[in-house]
Amino acid sequence: MASSYTTRKRLEKQNPGENNNAWGGYLNSNAIDLMDECFGIVCVAMTTAGDSTLSQNNGSTDEGRRSQIVITGTPTSNVRLFVPAVQSFYLVRNKMAGTKKVTLTNSGGTNGVDFSGSGSGSEQGLVVSDGTNVREVFRTVSIGGFSTFTSAVWTAVSDAATDTTGGATQDLMPFLDASDSGNLNKVLVTDFFKNVLANVSARTSVALADRLMVTDTDGANIAGIATVQKLHDAAFGLTAKTSIAGADTFPLNDTDASNVGKKVTLTNLKATVLNGLYAAQSDQETATSIILAVSPGRQHFHPGHPKSFVSWDNSGESGTTNCTYNCTGITDGGTGISTATFSTAFSSTGYCIADHSTNIAGAGNTGWYSLNISAVGDKAVGSLKVTHAGGNYGASSVADADENNLALFGDL
Amino acid sequence: MLPAFIFNNYADTALSIFYPRKEPVYFMGCGGWWDEHPNPRGYVDTQIRRLTKSGVLPDAAAAFAKAMQFGGKTTNEALEIIKNRACGHVGYNIEIVSKEDLPHDRWFRNAWTRNHNGAVSIDLEKARPIQWERLRITLQRENTRREQLLFELPKVDVPIYSIKTYIKNASSVDELRRIWPEELNVR
């Protein structure tokens, strides 16, 4: 009875009793050597256009048995590399020139894994084949320190590209522990990543187009590509705007490094700019600037602006106020006696009083009226008590006026 | 229409009435009276200090300044705060009254008084000297005016003693008010 072969790696299984006195040679060359070949490298040069297939041979050396694949060439269109339709895994590095992709797949399979050429990042990674489809375990691009690391690895791999027999120990550099060769092929994927990331060199400057390695808890994003620009946009939630609202935020960048990345709203930005153009309270009180603009909320701080005014009527119906400014209310203290209470108190009692009172059609008194402050304390920072005396021809007395007007100037 | 506050003033013999304005009541609702100030919170403290120094009771000054800047007060709460700030340190027996309940005729203003149920009425005994003083001053002015004319007019001659007697014996405010010589037609 003839020998049979294993499903995945096509190793010869001699029939019991076969090859009497010669079975050891068959075992060594058609099984053990080929098992060693499984860890070897195959270098595939893709043609300018067209697909390639890894060779498969039962019991003898072939390409599809090897677990490391280096792909070279300069195809002018995207190409496919067919691996055997059996369960296996492959460590792949795409060294193709140009920007075209190579898809690692099974002949007849529906799923494959794309690897970009050097023009798009020289992708490399680990794929598995379930016999029908080829799927990605991880895939990454060559950047920074990772590039240096992998360069050393793949230089050794390249050196072995002509090693058609495979099986050389140095071909397994990606998994070699220099201190203990017993760790060959025992490197976990996570450990592999840790080693890779530990060798990423620090950058002294970052450009917006620089790429970053991205990993998160969603496996779909592992080895995804993010640029500094994208990260920046994501951090600040920036999207293209067709209009600007006051609450929109902007990243702030200035010569003070501590401010880099801070947000400023359009409102704050506007206020910051305008604050330098408009008079503050102190500018109004100084009253010397001839270039600052005055806003409504600052106008009344000017020395020439009344800080309070009130017009009221004491002769007719009680409590009739015509107009007021900075006045909490008027106290009617009796005939001719009134007290104005201020909403904002003056800084001192040194404020100036301008008044006018008159009797238009009142009873008993006609003509002019005069205002008097009759007692110390009547002129206070929070109120002003006045007494009106009126009359004609040298005879005056405390009396109500039809119309009382007060305007006060000073410092609030 | 906002009510008024009626109270007895420490300094004046007449009844005092405070008429609040709408503006502070509005700001005590929404706040922001000193928003245009560079340092509103600090200015609130400044205002409290100024008011207290000028005699306003400390609690009333603080409540007023804080309410003007920070708001949150109902109309009744605002009126209470304004009452304490404007009247609390100058008077006593402070009560809220409707303006419509106050006399419209101010002829005897200094004779206004509060009766036992709080309503404002006119004290007849206080009104008598007021009536006499008004009559006397008007008579004096009228006679001075006539004397100073280029073509002098005779002075008004009224029976002073009789008028004083009438004033002293008037039995009501209305009767007192009617005591006025016809010659003094300017009333």
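Start by selecting Phe342(A), Phe346(A) and Tyr351(A), which ring pairs link into a cluster. Rings of Phe, Tyr and Trp (its six-membered ring) count as a pair if their centres lie within 6.5 Å; planes under 30 degrees apart are called stacked, over 60 edge-to-face, and the rest tilted. Over all chains, the structure holds 10 aromatic pairs. One of them joins Phe342(A) and Phe346(A), edge-to-face, with 5.3 Å from centre to centre and 80 degrees between the planes. Are these two rings buried or exposed? Phe342(A) is buried at a relative accessible area of 1%, and Phe346(A) is buried at 0%. Here buried means under 20% relative accessible area, exposed means over 50%, and partly exposed is in between (1.4 Å probe, protein chains only).

Before moving on, a word about what you are viewing. This is a predicted model, in which local features need pLDDT of at least 70 and side-chain atom pairs count only at pLDDT 80 or more, while totals for chains, interfaces and linings use all residues. Residues are numbered from 1 along each chain as its sequence is written, chains are lettered from A and ligands numbered from 1 in the order in which they are written, and side-chain values use heavy atoms, with hydrogens and water left out.

Now stay with Tyr351(A) and add Lys379(A), which lies over the face of the ring at 4.9 Å from its centre. The rule for such a charge is that NZ of Lys or CZ of Arg is within 6 Å of the ring centre and within 35 degrees of the ring normal. For another example, hop to chain B: Arg134(B) lies over the face of Trp107(B), 4.3 Å from the ring centre.

Next, show both chains together. In contact (heavy atoms within 4.5 Å) are 48 residues of chain A and 45 residues of chain B. The area buried between them is about 3700 Å², with carbon and sulfur atoms giving 48%; buried area is the accessible area (1.4 Å probe) that two parts lose on being put together, summed over both.

Which side chains should you select for a salt bridge between the chains? Choose Arg106(B) and Asp332(A), which meet at 2.7 Å, N to O. A salt bridge is a side-chain nitrogen of Lys or Arg within 4 Å of a carboxyl oxygen of Asp or Glu, and the rule finds two across this interface. Then colour β18(A), which gives the most to the side of chain A that touches chain B, with eight residues. Helices (H or I, at least four residues) and strands (E, at least two) are DSSP runs, numbered from the N terminus.

Return to chain A and pick Arg65(A) and Glu37(A), whose closest N and O atoms in a salt bridge are 2.8 Å apart. This pair links distant parts of the chain, 28 residues apart: Arg65(A) is in the loop between β4 (52–53) and β5 (68–73), and Glu37(A) is in helix α1 (residues 23–37). Arg65(A) is buried at 0% relative accessibility, and Glu37(A) is buried at 2%. Add Arg10(A), Asp62(A) and Arg66(A) to see the network of salt bridges that these residues form with Glu37(A) and Arg65(A).

Finish on helix α5 (residues 124–148) of chain B. Glu133(B) and Arg136(B) form a salt bridge with closest N and O atoms 2.5 Å apart; being three residues apart in this helix, they are separated by about one helical turn. Glu133(B) is partly exposed at 34% relative accessibility, as is Arg136(B) at 30%.
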